[in-house]
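Reader: Hey, I've just opened this one and could use a hand finding my way around. Can we go through it together?

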Amino acid sequence: MKVEDFDMFSVMLKQRSGLVLTKDKAYLLESRLMPVARKWNLKDLEELAGVIRTRKDEAVIKDVTEAMTTNESSFFRDQKPFDQFKAVVLPHLLQARAAKKHIRIWSAACSSGQEPYSLLMLMAEEGVKLAGWRIEIIATDISSEMVAKAKAGIYTQFEVQRGLPITHLVKYFKQVGDKWQINEDLRSKIQFREFNLLTDMAPLGQFDVIFCRNVLIYFDQPTKGKVLDNMAKLLPPDGVLYLGGAETVLGVTEKFKPMEGQRGLYVLTGAPARVAV
Amino acid sequence: MKSCLVVDDSRVVRKVARKILEELGFACTEAEDGRQAMDACAAHMPDAVLLDWNMPVMTGIEFLRRLRKMTGGQGPKVIFCTTENDLAHIQEALSAGANEYIMKPFDSEIIQTKFQQVGLL
Ligand SMILES: C[S@@+](CC[C@H](N)C(=O)[O-])C[C@H]1O[C@@H](n2cnc3c(N)ncnc32)[C@H](O)[C@@H]1O
């Protein structure tokens, strides 16, 4: 690939989705963008780069941006964050929000939906404790393809065996051919939307808990900082932020600090490090 | 070291599963059908059983029903590992006392998460 083409793609991707593409990842451009080039009847990446440069076609740019996202996910990914949600976060909210009985959760880079559905199944298992509560889960991703997949809630046999207990599969899914689809009543409880983390978050409203897992790893420090600072504005003083196992707020933003004794969970600076349960 | 009995009539499947389980730290023994598995359990109750469904002599589900009636037979965590991949089979397995269920084909990651889920890892 020509150096100027690589540079054009990497500048564009950084600006569009925050993705930092180092030179050693040039092969990723080749493997992921060839299908995009073909879709638009272009011979190779050079032609694709040419079209973007000259026509600035939004539809092509969107395809390129989406094709470069990594959408790896699984049900109850890493398990521990979900155990913490059940043991620490949810009990706190049940107490602190007892008056309005309303909880809002944001799954901020939901990929194909396993994260928000895992939360929903977890809460369905809690059953009676949540009777009469309004639980809102907003699940967003920059990729329209992923949002569509999440909405459909259809997973391969392989996907439903990664992290999902068999009892959950039986209880919350129905078999459709050789795939498994999450039940309609669960699907309708989540609001799926396309959303770019680099854009204005205010319209999304306030949240009690934000899951922002395994997406900041693709961004550079200033972009991570900006995203987290903006998220801080959406949380009340006792709000909780979740990051992925390889992510942290340390050295990235002053707005958050680790929650004491709870790896992967963060609270606003100035808030008590422990949540009252 | 935790023990796992691998029950499958295919030597290849037993070999693959055994390798994965040994890497996860299990001491493995093998049986070719439900009858052999019964004998193995009578001699020594394992911590886990990885169990195929369709086998000659005695099927996996029949073995499981008998196992759960044996003294000490409530103990082992039983994880089905079979090409039967429909809801009806899964439900039958669960009501016979299976703890988890793997639909073939499987890989080491699936085995690992399933053994985690039953609390053996
Ligand atoms: C590896 S997945 C993480 C999925 C899930 N949160 C998890 O931890 O399993 C990362 C997701 O982030 C999305 N993403 C990347 N850049 C984004 C951006 N600027 N705004 C919103 N989503 C983005 C990708 O489309 C991808 O689906």
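**Sheets and interface**

Author: Sure, let's begin with chain B, where five strands make an open sheet with parallel pairing, in the order S2-S1-S3-S4-S5. Keep in mind that this is a predicted model.

Reader: Okay, which strands stand at the edges of that sheet in chain B?

Author: Those are strand S2 (26-31) and strand S5 (100-103) of chain B. Each has a single partner strand, so one side of each has no neighbour in the sheet.

Reader: And what does the twist average there, from one strand to the next?

Author: It averages 20°.

Reader: Can you show me one pairing up close?

Author: Take strand S3 (residues 48-51) and strand S4 (residues 77-82) of chain B: they run parallel and are joined by four bridges. Val49(B), for instance, has Val78(B) in S4(B) as its bridge partner.

Reader: What about helix H1 of chain B, which strands does it lie across?

Author: Helix H1 (residues 11-23) lies across strand S1 (2-7), S2 and S3 of chain B. Its direction is at about 165° to S2(B).

Reader: Switching to chain A. How many strands form the open sheet there?

Author: Seven, ordered S6-S2-S1-S7-S8-S10-S9, and in chain A the pairing is mixed. Strand S6 (190-194) and strand S9 (256-258) of chain A are at the edges, each with a single partner strand, so one side of each is left without a neighbour in the sheet. From one strand to the next, the twist averages 25°.

Reader: So in which sense does S6(A) pair with strand S2 of chain A?

Author: Parallel, over five bridges, with strand S2 covering residues 134-141 of chain A. One residue to look at is Ile138(A), whose bridge partner in S6(A) is Gln191(A).

Reader: New topic: how many residues does each chain bring to the contact?

Author: Chain A brings 13 residues and chain B brings 19 residues. About 1,400 Å² is buried between chain A and chain B, and carbon and sulfur atoms give 57% of that.

Reader: Which side chains meet in a salt bridge?

Author: Arg162(A) and Glu109(B), at 2.8 Å, N to O. One salt bridge is found across the interface of chain A and chain B, along with ten residue pairs in polar contact.

Reader: Which helices of chain A supply residues to the side that touches chain B?

Author: Helix H8 (157-160) and helix H9 (166-172) of chain A each supply at least two. The residues on that side of chain A split into eight nonpolar, four polar and one charged.

Definitions and conventions:
Residues are numbered from 1 along each chain as its sequence is written. Chains are lettered from A and ligands numbered from 1 in the order in which they are written. This is a predicted model: local features need pLDDT of at least 70, side-chain atom pairs count only at pLDDT 80 or more; totals for chains, interfaces and linings use all residues. Side-chain values use heavy atoms; hydrogens and water are left out. Contact means heavy atoms within 4.5 Å. Buried area is the accessible area (1.4 Å probe) that two parts lose on being put together, summed over both. A salt bridge is a side-chain nitrogen of Lys or Arg within 4 Å of a carboxyl oxygen of Asp or Glu. A polar contact is a pair of N or O atoms within 3.5 Å; within protein, one must be able to donate a hydrogen and the other to accept it, and residues adjacent in sequence count only if both atoms are side-chain atoms. Ala, Val, Leu, Ile, Met, Phe, Trp, Tyr, Cys and Pro count as nonpolar, Asp, Glu, Lys and Arg as charged, and the others, Gly among them, as polar. Two strands pair if DSSP finds at least two bridges between them. Axes are lines fitted to C-alpha atoms, for helices over the stretch in contact, and angles run from 0 to 180 degrees between N-to-C directions.
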